[in-house]
Every structure is written in structure tokens, then in C-alpha cells.
Amino acid sequence: LSVQRALRGAAERGELSLAFQPKIGAHHGRVVGAEALLRWHHPQLGRVSPGLFIPLAEASGDIFAIGSWVIEQALWHIAQWQDALWMTPEFNIAVNVSARQLNRRDFADTLLGQIQRHGVERAHLGLEVTESGLMNDLHNARQQLDRLHAAGIAIAVDDFGTGHSSLAYLKTLPLSTLKIDRAFVMDLEHSAVDRQLAHTITQLAHGVGCNVVAEGIETSAQADYLHRIGCEIMQGYFYSYPLPAGDFAAFCTRHA
Ligand code: G
Ligand code: G
Ligand code: NA
Ligand code: MN
């Protein structure tokens with residue numbers, strides 16, 4: 001059974017779900033939002049990692065249907081949670097957007113239409129895009145992101161500093177957040193170079209008007225260092241694994 005063939009129709013068969021990994025405000029320790037992460041459970045193949053099937057879906061073009069399902073599902077959950085006490089005006093659920101989705105000319109219009117149909121506050125949805133997603137067609141990416149930014153949607157650069165791109169795009173794209181990749185976080189305690197890189201990325205982000213999310217935090221020493229150098233938002237197993245929607249809502253109730 002090929003993974004690529006099994007993936008086709010997975011959403012319609014009810015095999016996909018979203019997990020929500022909490023993001024924690026470094027300053028006050030309360031949950032400020034989440035990253036939505038796609039999960040696929042196939043009856044024969046079992047759980048398949050998005051690290052494996054997302055690249056296949058990008059190659060086959062199935063990413064358009066899957067990406068649209070992810071956004072619909074995230075908006076459906078946000079609509080359910082909108083009246084919860086913990087859902088403050090700034091509370092933000094971010095979805096990952098692949099290069100091929102962002103490269104479409106109608107990405108922003110389609111997304112804004114979906115948000116409107118769900119009756120969701122635009123500030124509650126965020127996007128995480130990779131540097132390669134931005135570089136692939138920078139002109140179109142800028143057009144799409146300008147429209148979304150003007151509508152109040154926060155845009156984060158995922159895996160910052162791990163790609164091959166120049167820094168010039170930081171001047172012209174309407175970015176809210178840089179995410180320090182797990183690659184720079186995992187060895188913080190033992191690597192002076194990684195401490196320097198995390199510090200420099202944070203200063204760079206602040207210098208261009210972005211805030212900083214650090215991801216992949218697994219220890220209190222990593223969290224302490226990242227807080228000390230000024231990272232605003234923390235994400236990683238140290239705080240919580242990605243959670244099914246119901247467990248995430250319960251987590252928010254406890255950590256509001
Ligand atoms: O959840 P996990 O750590 O296994 O995710 C592995 C990779 O898959 C990460 O790079 C993550 O950004 C990506 N990913 C997870 N969910 C989605 C999604 O809904 N869309 C896209 N494009 N990528 C996703
Ligand atoms: O590429 P992206 O940054 O979207 O990848 C996020 C992935 O990292 C998700 O698959 C998520 O499950 C995983 N992840 C989140 N927190 C941690 C962590 O603390 N440690 C490790 N090893 N992986 C993490
Ligand atoms: Na991500
Ligand atoms: Mn990342």
C-alpha cells in the first residue's frame with residue numbers, strides 16, 4: 001500500500017485530525033495560543049508522521065485539499081472556543097502553510113472567505129510559513145501576505161535560520177514573528193555557539209519589529225535561558241505535547 005495513494009481521500013474518510021501544541025507567554029506563564037499540527041491515522045498503516053506525508057502531498061498536489069481541510073478544521077475549533085474565558089482577544093491558533101499553498105494567487109482571498117464563513121475573529125488565526133515558502137515566489141508571497149496582514153492575520157516564519165535564504169525579505173514582508181527552530185534550542189545547555197545564535201536571532205527579530213517564539217523546549221534550563229534573552233513565547237514538550245482538541249481546551253482552562 002503506497003503512502004501517497006492511501007493519503008488521497010484521507011480527510012473524507014475521517015482519518016485526519018489536528019493536534020494543538022500550547023504556546024506559553026514567557027512573561028506570565030499563561031497559554032497564549034497554539035500551533036495546529038496535522039495528524040493522520042490510517043487503518044492499515046497506523047499513525048503516519050506529517051514529516052513523511054506532507055512532502056508527498058506537496059509532490060502530488062494533494063496538499064491543496066489537505067491544507068484547505070486543515071484551515072477549515074482549525075477555524076471550526078476556534079469558533080467552538082471563541083466564547084471560552086481563556087480565549088482572550090490576542091489568543092492565536094497558528095496553522096502551517098506549505099510553499100505550494102502560499103504560491104497560489106487566490107490563497108489570501110480564499111482564506112479570508114473561510115474565516116468569514118466561520119464567523120471567527122481574524123486575530124485568532126495565524127499562519128506559519130517556511131523561508132522556502134517565502135522564497136519560492138517572493139513577489140506573490142508578498143501580495144498574499146500583505147493582504148492577510150492588512151486583514152489582521154499574524155504571520156510567523158517557521159524554522160527561522162535553517163533554510164538557504166537571504167535576510168532581505170525581513171525588510172519587505174509584513175511579519176509578526178520569527179520562530180527559533182528546535183535545532184538551535186536542543187543543545188543550548190552545552191553549546192555556547194547555539195546560545196549565541198539564539199541570542200542573535202532574538203535581537204534580529206526585535207530589531208525588525210517581530211516577536212520571538214522558541215520551539216522544541218524540553219528543559220527548564222532551555223526555557224530560563226530563552227526567557228532571559230527576551231523570547232516572548234515558549235513552545236515544546238517541557239510545557240506540553242501537541243494535544244487533541246478536547247485536551248487542549250482543558251489545558252487552557254487550567255493555564256488561563
Ligand atoms: O507534528 P510534527 O512534529 O510531526 O510535524 C512534522 C512536520 O510537519 C513539521 O515540519 C510541521 O511543520 C509539519 N506539519 C505539521 N502539520 C502541518 C500542516 O497542517 N501543514 C503543513 N504544511 N505542514 C505541517
Ligand atoms: O517544522 P515545525 O516547527 O512545524 O515542527 C514542529 C514539530 O516539532 C511538530 O511535529 C512537533 O510535534 C515537534 N515538537 C514540538 N515540540 C517539541 C519538542 O519539545 N521536542 C521535540 N523533539 N519535538 C517537538
Ligand atoms: Na510549524
Ligand atoms: Mn519549526
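**Exercise 1. Find which residue of S4 stands opposite glycine 33, then place S4 among its neighbouring strands.**

Solution. Step 1: glycine 33 has asparagine 92 of S4 opposite it. Strands, like helices, are DSSP runs numbered from the N terminus (helices H or I with at least four residues, strands E with at least two). The model is predicted: local features need pLDDT of at least 70 and side-chain atom pairs count only at pLDDT 80 or more, while totals for chains, interfaces and linings use all residues. Residues are numbered from 1 along each chain as its sequence is written, and chains are lettered from A and ligands numbered from 1 in the order in which they are written.

Step 2: strand S2 (residues 31-42) and S4 run parallel and are joined by 4 bridges. Two strands pair if DSSP finds at least two bridges between them.

Step 3: S4 is also joined to strand S5 (residues 125-130), by 5 bridges and again in parallel. Valine 97 has valine 129 as its bridge partner in S5.

**Exercise 2. Decide whether the two sides of S4 are buried or exposed.**

Solution. Step 1: a residue is buried if 20 or more other C-beta atoms lie within 10 Å of its own, exposed if 12 or fewer, and partly exposed in between, with C-beta atoms placed from the backbone.

Step 2: in a regular strand the side chains alternate between the two faces of the sheet.

Step 3: Asn92, Ala94 and Asn96 point one way from S4, Ile93, Val95 and Val97 point the other way, and all are buried.

Step 4: S4 (residues 92-97) is largely enclosed by the rest of the structure, because 6 of its 6 residues are buried.

**Exercise 3. Work out which residues of H7 are buried and what covers them.**

Solution. Step 1: helix H7 (residues 138-150) has 13 residues and reaches 18 Å from its first C-alpha to its last. That is close to the expected 18 Å at 1.5 Å a residue, where the expected span is 1.5 Å times one less than the number of residues.

Step 2: the buried residues of H7 include Ala141, Gln144, Leu145 and Leu148. Seen down the axis of H7, the buried residues fall within an arc of 95°, so they line one face of the helix. The arc is that of the directions from the helix axis to the C-beta atoms.

Step 3: His139 and Ala150 are exposed, on the face of H7 turned away from its buried side.

Step 4: the cover over the buried residues of H7 includes helix H4 (99-102), helix H5 (107-118), S5, helix H6 (131-136) and strand S6 (154-160). Such contacts require C-beta atoms, placed from the backbone, within 7 Å.

Step 5: just after H7, glycine 152 takes a positive phi of about 100°.

**Exercise 4. Trace the strand pairing from S6 to S8, and describe the setting of alanine 214.**

Solution. Step 1: S6 and S7 run parallel, joined by 3 bridges. Phenylalanine 160 has isoleucine 180 as its bridge partner in S7.

Step 2: S7 (residues 177-180) is covered on both faces, with Thr177 and Lys179 on one side, Leu178 and Ile180 on the other, and all of them buried.

Step 3: S7 and S8 pair in the parallel sense over 4 bridges. In S8, isoleucine 180 has alanine 214 as its bridge partner.

Step 4: alanine 214 lies in strand S8 (residues 211-214). Alanine 214 counts as buried because it has 30 C-beta neighbours inside 10 Å.

Step 5: leaving aside neighbours within four places in sequence, the contacts of alanine 214 are Ile180, Val185, Leu226, Cys231, Met234 and Gln235.

**Exercise 5. State which residues surround ligand 1 and sort them by class.**

Solution. Step 1: Leu37, Leu38, Ser49, Pro50, Gly51, Ile54, Val70, Asn96 and Ser98 surround ligand 1. A residue is near a molecule if its C-beta atom, placed from the backbone, lies within 6 Å of it.

Step 2: S2 and helix H2 (50-60) are the elements that give two or more residues to this shell. H2 gives the most, with 3 residues.

Step 3: the shell around ligand 1 has 5 nonpolar, 4 polar and no charged residues. Ala, Val, Leu, Ile, Met, Phe, Trp, Tyr, Cys and Pro count as nonpolar, Asp, Glu, Lys and Arg as charged, and the others, Gly among them, as polar.

How values were computed:
Contact = placed C-beta atoms within 7 Å.
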